[in-house]
Amino acid sequence: MVRKTRDKFIEVARQLFARKGVENTTMNDIASASDKGRRTIYTYFKSKREIFNAVIESETDELLERLRYIVSKNIAPEEKLYEYVECRFETMREIVKRNGSLRAGFFRDVRKVERARKLLTAKETDLLSDILREGQQMGIFDIDDVRRLSIVIVYALNGLDVPYINDSLADKGVDKSILKDYISELIIYGIKKR
């Protein structure tokens, strides 16, 4: 029951944040829309920031679940990397688009984005390290330091989220599908054993 109530608050908050914006949503709004008392919401969340972080975490859990599935697939490491990049960009786009005014905040407030990404980045780095390590052990990838390279790749992908979601490179002749291909090839051919 406790988990159910907490999850309901998170989902209601996500919907309200998407519709009204984080700044325009109060804890009272969330409690009222959840058919719960204001005191009840404070037993689960100390502040609006805490519930916002829970919303972000629940959204990013979807991405991590998809990426874990790719890492566990019985396919070549190069294919995993390609699927990883494609899945990551598309799922991030879906999450941001689905969340309406969270989208505006995502593009406007870099500090908020970085706070939200902190935990996700660490988990993504672990998943990417698994793929790179597998390729290294199979003699396919030539990598000196798997962990450091994973960190660099994850941050590079983070830097391309906004251009990918906005398709802002299309006017330069690089649409979304080409961007995914270029990034995948850049990573794969940059580390592939020659």
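**Helical architecture, nonpolar cores and salt bridges of the predicted model**

The protein chain contains nine helices and zero strands. The structure described here is a predicted model. Read along the sequence, the elements follow the pattern α-α-α-α-α-α-α-α-α. The C-alpha trace spans about 65 × 40 × 25 Å along its principal axes. Of the contacts in the protein chain with a separation of 6 or more, 68% involve residues 24 or more positions apart. One example of two positions separated in sequence is the pair Glu-57 and Arg-117, which are 60 residues apart along the chain and whose C-alpha atoms are separated by 9.1 Å. Glu-57 is found in helix α4 and is partly exposed, with a relative accessible area of 39%.

Buried residues make up 42% of the 194 residues in the protein chain. The exposed surface of the chain amounts to about 10,700 Å², of which carbon and sulfur atoms supply 51%.

The interior was examined next. The largest nonpolar core has 32 residues, and Leu-81, Leu-132 and Ile-183 have the most contacts inside it. Two or more residues of this core come from each of the helices α4 (48–72), α5 (77–98), α7 (110–137), α8 (146–166) and α9 (176–191). The greatest contribution is that of α5, with seven residues. When residues up to four places away in sequence are not counted, Ile-183 touches Val-85, Phe-89, Leu-157 and Leu-160. A second, separate core comprises 17 residues, among them Phe-9, Val-12, Ala-13 and Phe-45.

A charged residue also occurs among the buried positions. Arg-88 is located in helix α5; its relative accessibility is 0%, and it therefore counts as buried, since the cut-off for this class is under 20% relative accessible area. Apart from its neighbours within four places in sequence, Arg-88 is in contact with Leu-63, Leu-67, Glu-124, Leu-157, Asn-158 and Asp-161. Leu-157 is thus a contact of Arg-88 and is also touched by Ile-183.

Charged side chains were then considered for the chain as a whole. The protein chain has 38 positive and 32 negative side chains, and the centres of the two sets lie 8 Å apart. Side chains of opposite charge can pair when their charged atoms come close. The structure holds 16 salt bridges.

One of these salt bridges joins Glu-62 and Arg-66, with the closest N and O atoms 2.8 Å apart. Because the two residues are four residues apart in helix α4, Glu-62 and Arg-66 are separated by about one helical turn. Glu-62 is partly exposed at 22% relative accessibility, and Arg-66 is likewise partly exposed at 31%.

A further salt bridge is formed by the side chains of Asp-130 and Arg-133, at 3.5 Å from N to O. These residues both lie in helix α7, three residues apart, or about one turn of the helix. Asp-130 has a relative accessible area of 37% and is partly exposed, while Arg-133, at 33% relative accessibility, also counts as partly exposed.

Asp-171 forms a salt bridge with Lys-172, the closest N and O atoms being 3.7 Å apart. Both of these residues are exposed. In addition, Glu-11, Arg-14 and Glu-59 are linked in a network of salt bridges.

Terms used: Residues numbered from 1 in each chain as written. Predicted model: local features only at pLDDT ≥ 70, side-chain atom pairs only at ≥ 80, totals over all residues. Heavy atoms only, no water. Core = buried A, V, L, I, M, F, W, Y, C linked by side-chain atoms within 4.5 Å. Buried < 20%, exposed > 50% of the residue type's maximum accessible area, 1.4 Å probe, protein only. Contact = heavy atoms within 4.5 Å. Areas by Shrake-Rupley, 256 points an atom, 1.4 Å probe, with all protein chains shown as cover. Lys, Arg positive; Asp, Glu negative; His and termini not counted. Charge placed at Lys NZ, Arg CZ, Asp CG, Glu CD. Salt bridge = Lys/Arg side-chain N within 4 Å of Asp/Glu carboxyl O.
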